[in-house]
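Colleague: Before I use this model at the bench, I would like to go through the terms attached to it and hear the reasoning behind each of them.

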Amino acid sequence: MIVMPAVRHTAAGATALLLALPVPVASAASLTSLASAASASPAASASPAASAASVDSVATASSVAAVTEPTPPARQVVDPARLGRSGTQVQPLRGAPELPSVSALSWVVADASTGEVLAARNAHEQLPPASTLKTLFALTALPGHDPEEQHTVQDEELYNIGDGSSLVGVKEGYTYKVSDLWNGVFLSSGNDAVHVLAAMNGGWDAMSEKMQQKARALGALDTRVVSPDGYDAPGQVSSAYDLAVFGRAGLQDQRFTRYCSTPYADFPAGGWSYGIVNTNRLLTGADGVAPYPGLIGVKNGYTTGAGNTLIAAARHGGRTLVVSVMNPQGGDGFAVYEETRELLDWGFGSWGRVVPVGSLKPAEERRAKPDAARDETQAQAGPQDGGDTRKTDLRAAAATGPHGTPKDEVPSGSTARLPLALIGAAFGAALSLWLWRRFGTRGN
């Protein structure tokens, strides 16, 4: 009868169709080798079940290979309220160095470039800032006057300077360049220079209000400005978090960076001048404190109420850290420098080995850039991961199927082959009908 040739033609047609159509879970190379095997073996060509079994084995092998592909590290979600907790906050990954034991009441270690906070202790505790508040003063007042502008000091501009204040030696009736006054602020922590610059920018009270507004704009919500020079005053507070914010913002201003990193300068005194030295011992190495390699600045401070405070920034290997330390409880008056040194060392050693515990960026800026914010919260598997475009390509490939189709949209397993089997069966049925109509009426 003609039925048996029809059945053979149907089976061969279905098998050929299954082999010719692409299977999403298998690679092109796998399909080519399978087709070659089928054509070389008459038994395989005559058996659709054998062909389906071969496709099953290829699909299984492909699935195993996909599992062993490198996968990106899991994203770590940073709790935005974590920095508001008391105590030490750090999330180390494998290989991270142990945090040093320091006595400061409050401190922060942060990446100056991204704003990521690597670790902190009592970050938002409100404490007197002493002269580190001069960083906020500089951020507020620096844009107001050209460094080469000259100013003759008036007597009233030096009124009400606090008893025991640090001074650079500004005298009424003398004329100074604005850059000289800023050297007096940053190197000698001169409250007299602050008073003159404040008078040039609207006066003491107006300067306090401008500084308060600047702090809010930067997202530094712990700071209350009463005396722009940092002199102890009722209600005047800041925090290690806010001081780190001020230090980071200052590093983005070339003039600020130049002043805070200057170790020595000449200060005019009428027809002559005298040398002044930066009181940041971590910068100059004075008084037996070893200078820190790569140190940029930023500002130190001391008052009876605040104890010793310090904002420091340093750069190594293209990376910049900013550290703020408030009121160490142990050691001598230079403990603030040694504890800052330890935190800087830890920060550089732990780069890429900790999950950030927060950010120095204002909340508005993080909300405006959701993609950047997500990047900030992603754990870094190690310093070798940074900037590796090849790993990015691998991760993109792992997330997609053939022809760039998202992996979630690519069918796999038996569900991928079922529609193809149905198509093959339909084609075979159509072929059988055609053969029956052509040859069925002729007899055997």
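Modeller: Of the 444 residues of the chain, 45% count as buried, and the cut-off behind that word is a relative accessible area under 20%. The model is a predicted one, with 16 helices and 13 strands in the chain.

Colleague: What is the average pLDDT of the chain, and over which residues is the pLDDT below 50?

Modeller: The chain averages a pLDDT of 78, and 64% of the residues score at least 70. Over residues 14–75 the pLDDT is below 50, although this stretch has 56 contacts in the model beyond near neighbours in sequence. Residues 370–418 also have a pLDDT below 50, and that stretch has 60 such contacts.

Colleague: Why is threonine 262 called buried?

Modeller: Its relative accessible area is 17%, and buried means under 20%, so threonine 262 counts as buried. Threonine 262 lies in the loop between helix H10 (254–260) and strand S7 (264–269), and, leaving aside neighbours within four places in sequence, is in contact with Leu187, Asn278 and Leu283.

Colleague: What makes helix H7 largely enclosed by the rest of the structure?

Modeller: In helix H7, which covers residues 191–200, 9 of the 10 residues are buried, and therefore the helix is largely enclosed. Among the buried residues are Asn191, Asp192 and His195 as well as Val194 and Leu197, and the buried residues of H7 pack against H5, strand S5 (150–152), H6 and H8. After H7 comes glycine 202, which has a positive phi near 105°. Helix H6 (residues 178–186) is mostly covered, with 9 of its 9 residues buried, including Asp180, Trp182 and Phe186.

Colleague: How do you know that H5 and H8 are roughly perpendicular to each other?

Modeller: The axes of helix H5 (residues 134–141) and helix H8 (residues 204–217) cross at roughly 95° and come within 9 Å. Angles of 65 to 115 degrees count as roughly perpendicular, and H5 and H8 are therefore described in that way. The contact involves Leu136, Phe137, Leu139, Thr140 and Ala141 of H5, together with Met207, Lys210, Met211, Lys214 and Ala215 of H8; these residues divide into 7 nonpolar, 1 polar and 2 charged.

Colleague: Which residues touch the most other members of the largest nonpolar core?

Modeller: That core has 59 residues, and Phe137, Val170, Trp182, Phe186 and Phe246 touch the most other members. Helix H9 (residues 240–251) gives the most to this core, with 7 residues. Phenylalanine 137 touches, among others, Trp182, Val194, Leu197 and Pro228, not counting residues up to four places away in sequence. A second, separate core of 26 residues includes Leu99, Leu282, Ala312 and Val323.

Colleague: Why are asparagine 122 and asparagine 327 both counted as buried?

Modeller: The relative accessibility of asparagine 122 is 14% and that of asparagine 327 is 18%; the limit is under 20%, so each counts as buried. Asparagine 122 lies in the loop between strand S4 (116–121) and H5, with phi near 45°, whereas asparagine 327 is in strand S11 (residues 319–328) and has a positive phi of about 60°. Most residues other than glycine have a negative phi, and most peptide bonds are trans.

Colleague: Where is the cis peptide bond with omega near 20°?

Modeller: The bond runs from glycine 297 to valine 298, and valine 298 has its place in strand S9 (residues 295–303).

Technical notes:
Residues are numbered from 1 along each chain as its sequence is written. This is a predicted model: local features need pLDDT of at least 70, side-chain atom pairs count only at pLDDT 80 or more; totals for chains, interfaces and linings use all residues. Side-chain values use heavy atoms; hydrogens and water are left out. pLDDT is the predictor's confidence in each residue, from 0 to 100. Contact means heavy atoms within 4.5 Å. A nonpolar core is a set of buried Ala, Val, Leu, Ile, Met, Phe, Trp, Tyr and Cys residues joined through side-chain atoms within 4.5 Å. Buried means under 20% relative accessible area, exposed over 50%, partly exposed in between (1.4 Å probe, protein chains only). Helices (H or I, at least four residues) and strands (E, at least two) are DSSP runs, numbered from the N terminus. Axes are lines fitted to C-alpha atoms, for helices over the stretch in contact, and angles run from 0 to 180 degrees between N-to-C directions. Angles under 35 degrees count as roughly parallel, over 145 as roughly antiparallel, 65 to 115 as roughly perpendicular and the rest as oblique. Ala, Val, Leu, Ile, Met, Phe, Trp, Tyr, Cys and Pro count as nonpolar, Asp, Glu, Lys and Arg as charged, and the others, Gly among them, as polar.
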